[in-house]
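Here is a short report for a reader new to this structure. Take a look at the model before reading on.

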Amino acid sequence: MSSLYEWIKEHIVDGSLPKQDSSLPPEEEVEEGKLKFADGAKDGICMYHMARSSYDINAFYEIPFLIEEGKNEEAEKKLSEFSKQNSALSVIDGVQEYIIEHRENLDPSKQFNFAYHLIKHSNERELVKYGLCILELFSYRDESYDEILRTLALSDEFSLFVAFLMREWENAEEELLEAAKKVKGWGRIFIIEQLEATKPETKYWLLTEGIHNTVLSQYSALTCFEKTEMFTWLNKNMTKEEFHGAGEILESLIQEGPCAGISAIEEADELILRFLNQAENQNLDVSDYEIIFNISDYTKLSSSLKEKCRSFLETKECTDCVNKAVTEGKGFLLAKKLGLPYKEAVFHSLEDNFEKNYFNISFLMPDGDYIEECIALFERRLPLDMMKTGPEKLHWGGEKYNDHTILSMIVQFLKPYQGKGIKLIETALQSPIINTRLTALSVLEEWQENKNEILKDNYPQIVEILKRAVKLEPDDKVKEKMEKLL
């Protein structure tokens, strides 16, 4: 296998990694269908969700001195073993402190060259990170070295560690901003935390794009609020893009999420008031009205601010805007919350683009609307006979098994509707995806428990499928549920 640096370099398209090729190759074979961490996710969980713990790096102590003795292969092997138990992020401070404390006994060029070798030639993720951690101790730049770092920064797995280095560069703000623009997952979240925003163009990008990541906008909402100095923006005449960006940040702050949001802002009411004052001078679209509605739902919002929100939502302009959006296949949730008609348009969206809009049945089936029509549509559009391939131990199938994801979506809504969607349930019971089979079984459990149904009397064809399936079932939990139903 080529080095991770070379892998990234080979997969760059137009300056970044395209979505379908953005994940680094796994270091060990991952069983098909099993969930795996997205690049950068383990470090993200460590940073945002785990308390700082003490660490023991005794096993690391000999590595710098092996490097000093020229035993680089042995040092790399030892570091690889050490990294299996100690992620680079968890021990970065201790590793750097140890090297600094012993700098008088270590040749800096040897330590630098060892770390440089790791980032350019290693195919182990943690070894590349350890290399970046060690290189953070050196003030060094040249064209080829910078190119390696910029390349590694394109991977969400390494963005954080490259950002630690880049923040010490003379042109740190420009470099970090460009790096942040080229990643969309954890890498963007990490880099934004390290980015010092002093220039107008940086603040504008953070305002309009900063929270747009593929993980969760709330991770960056408070940071973007602070680094853009959002109060300053709200005090002037804002463009449509600036206003909408501020609204998205405010919406994410209100949602709070996994980290501090609006509760960390002392003048939260003033912030909301200034945003709503700005709204008075804007040509609002449906996404703006959605933000205002979500603000009005904020439990700690004052009555006067709630009333101000309602003054926008109860206008003819809002009603006309939402009704128009619904005809275009948008704004269904807001229409529902405002009591405007939307259900016919939802069903049309399913018919017009089934693969893209299948999840819109969540607007219909829980309320008992279009039940027969939705079931018939899914039966027509899904290749049910081809999907009955039998059980496998796949927890999640990915794009290859997208039809099974779509099937699970409708089957989960069949619980209240006794005897409906039998063909869909039969197919789900014979799906290779564990979660799809479990979804079908939960429907049958609900039918049997709530209606005192006896499967063998009412659905003999399902009983026969269960009898065959239970003999082949590889998952203990699924098998137990099948046996209980039988």
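## A helix and its two partners

The crossing of α16 and α17 is left-handed. Seven residues meet there, and they divide into seven nonpolar, no polar and no charged. From α16 come I272, F275, L276 and A279. From α17 come I291, I292 and I295. This is a predicted model.

How do the two helices lie relative to each other? Helix α16 covers residues 268-279, and helix α17 covers residues 286-296. Their axes come within 12 Å and cross at roughly 150°. Angles over 145 degrees count as roughly antiparallel. α16 and α17 are therefore roughly antiparallel to each other.

α16 also packs with helix α18, residues 303-313. Here the angle is about 20°, and the axes are 11 Å apart. Angles under 35 degrees count as roughly parallel. α16 and α18 are therefore roughly parallel to each other. The crossing of α16 with α18 is left-handed.

Which residues make this contact? α16 supplies D269, I272, L273, L276, N277 and A279. α18 supplies L305, K308, C309 and F312. These residues divide into seven nonpolar, one polar and two charged.

Some residues of α16 serve in the contact with α17, among them I272, L276 and A279. The contact with α18 also includes I272, L276 and A279.

## The whole chain

What secondary structure does the protein chain hold? It comes to 30 helices and zero strands. The C-alpha atoms fill a box of roughly 80 × 65 × 40 Å, taken along the principal axes.

The protein chain has 486 residues, and buried residues make up 50% of them. About 24300 Å² of the chain is exposed. Carbon and sulfur atoms supply 46% of that area.

How far apart in sequence are the residues in contact? Take the contacts with a separation of 6 or more. Residues 24 or more positions apart account for 69% of these.

## Three loop residues

Now to the loops. The table lists three residues, each with its loop and its relative accessibility.

| Residue | Loop | Relative accessibility |
|---|---|---|
| D14 | between α1 (4-11) and α2 (41-49) | 79%, exposed |
| Y370 | between α22 (354-357) and α23 (371-381) | 26%, partly exposed |
| P416 | between α25 (402-411) and α26 (422-429) | 58%, exposed |

The cut-off for exposed is over 50% relative accessible area, and buried means under 20%. D14, at 79%, therefore counts as exposed. P416, at 58%, is exposed as well. Y370, at 26%, falls in between and therefore counts as partly exposed.

What is the sign of phi at D14? The value is positive, near 50°, and D14 is a residue other than glycine. Y370 is not a glycine, and its phi is positive at about 55°.

P416 has a partner in space. Which residue is it? P366 lies 50 residues away from P416 in sequence. Their C-alpha atoms are 8.5 Å apart.

## In brief

The model is predicted. Its chain holds 30 helices and zero strands. α16 is roughly antiparallel to α17 and roughly parallel to α18. In the loops, D14 has a positive phi near 50°, and Y370 has a positive phi of about 55°.

Notes. Residues are numbered from 1 along each chain as its sequence is written. This is a predicted model: local features need pLDDT of at least 70, side-chain atom pairs count only at pLDDT 80 or more; totals for chains, interfaces and linings use all residues. Side-chain values use heavy atoms; hydrogens and water are left out. Axes are lines fitted to C-alpha atoms, for helices over the stretch in contact, and angles run from 0 to 180 degrees between N-to-C directions. Helices (H or I, at least four residues) and strands (E, at least two) are DSSP runs, numbered from the N terminus. Angles under 35 degrees count as roughly parallel, over 145 as roughly antiparallel, 65 to 115 as roughly perpendicular and the rest as oblique. A crossing is left-handed if the near helix is turned anticlockwise from the far one by less than a right angle, and right-handed if clockwise. Contact means heavy atoms within 4.5 Å. Ala, Val, Leu, Ile, Met, Phe, Trp, Tyr, Cys and Pro count as nonpolar, Asp, Glu, Lys and Arg as charged, and the others, Gly among them, as polar. Buried means under 20% relative accessible area, exposed over 50%, partly exposed in between (1.4 Å probe, protein chains only). Accessible areas come from the Shrake-Rupley method with a 1.4 Å probe; for residues, only the protein chains shown count as cover.
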